[in-house]
Amino acid sequence: MPTHIQGVWDLTIVTPVGRIRPVVELGLQDGKLVGTARGAGEHLPLRDIVLDGDRLTWKQSVTRPMRLDLTFTVTVEGDTLTGTSRAGRLPSSKVTGRRRRGDEAEPA
């Protein structure tokens, strides 16, 4: 079971329009990986979540700051992740993240 990726992750995505700081929640439902992303006033489902060893990929669509279909490819190492996000033909954006501990509240 992919328990090493479950939890709430605070991400930073460095894009050409600035830094975006979504929150991604990953878990299991009926033995299948599921997830959601929150940020910019949106709450979005993750699609096509695949875990291959420590390599995690998923897709999601956003409407803010513009309508985009994103593909994420990250490597999970303990409570951190690093990788990229790509929107179509646009250049890749660097992604970093940290898993919250159970006693951590939402960032201010």
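Q: In the hairpin of β6 and β7, which residue takes a positive phi?
A: This is a predicted model, so take the angles as the model's own. Strands β6 (residues 47–52) and β7 (residues 55–62) pair in the antiparallel sense, over four bridges. Their hairpin has two residues between the strands, and the one with a positive phi, near 70 degrees, is Gly-53.

Q: Which residue stands opposite Asp-52 in β7?
A: We're still in the β6–β7 pairing, which is antiparallel. Further along, Val-50 has Thr-57 as its bridge partner in β7. For Asp-52, the residue opposite is Arg-55.

Q: How many bridges join β7 to β8?
A: β7 also forms a hairpin with β8, this time with five residues between the strands. Arg-55 turns up here too, standing opposite Thr-75 in β8. The two strands run antiparallel, and the number of bridges joining them is eight.

Q: Which strand gives the most residues to the largest nonpolar core?
A: That core has 21 residues, and Leu-56 and Trp-58 touch the most other members. Strands supplying at least two residues each are β1 (7–15), β3 (23–29), β4 (32–39), β7, β8 (68–77) and β9. With four residues, the top contributor is β8.

Q: Which valines does Leu-56 touch, leaving out residues up to four places away in sequence?
A: Leu-56 is one of the two residues that touch the most other members of the largest core. Its contacts include Ile-5, Leu-26, Ile-49, Leu-51, Phe-72 and Thr-73. The valines on that list are Val-50, Val-74 and Val-76.

Q: Is Gln-60 buried or exposed?
A: Gln-60 sits in strand β7. Beyond its sequence neighbours, Gln-60 is in contact with a set of residues including Ala-37, Leu-44, Pro-45, Leu-46 and Phe-72. Its relative accessible area is 5%, and the cut-off is under 20%, so Gln-60 counts as buried.

Q: With which side chain does the side chain of Gln-60 make a polar contact?
A: Look along β7, the strand that holds Gln-60. The distance for this side-chain pair is 3.0 Å, and the partner is Trp-58.

Q: Why does Gly-83 count as partly exposed?
A: Gly-83 is in strand β9 (residues 80–87). Not counting residues up to four places away, Gly-83 touches Thr-73, Val-74, Ser-93, Lys-94 and Val-95. The partly exposed class lies between 20% and 50%, and Gly-83 falls there because its relative accessibility is 22%.

Q: How far apart in space are Gly-83 and Thr-12, C-alpha to C-alpha?
A: Start with the chain: the two are 71 residues apart in sequence. Gly-83 belongs to β9. In space, the C-alpha to C-alpha distance is 11 Å.

Q: What is the volume of the largest pocket?
A: The largest pocket is lined by 28 residues, with Thr-15, Ile-20, Pro-65, Leu-68 and Leu-70 nearest its centre. At least two lining residues come from each of β1, β4, β5 (42–45), β7, β8 and β9. The volume comes out at about 470 Å³.

How values were computed: Residues numbered from 1 in each chain as written. Predicted model: local features only at pLDDT ≥ 70, side-chain atom pairs only at ≥ 80, totals over all residues. Heavy atoms only, no water. Buried < 20%, exposed > 50% of the residue type's maximum accessible area, 1.4 Å probe, protein only. Contact = heavy atoms within 4.5 Å. Pairing = 2+ DSSP bridges. Core = buried A, V, L, I, M, F, W, Y, C linked by side-chain atoms within 4.5 Å. Polar contact = N/O pair within 3.5 Å; in protein donor to acceptor, adjacent residues only side chain to side chain. 1 Å grid on protein atoms, 1.4 Å probe; cavity = no way out; pocket = protein on both sides within 12 Å on 5 of 7 lines; lining within 4 Å. Points joined across faces, edges and corners; volume = space filled by probe spheres on them.
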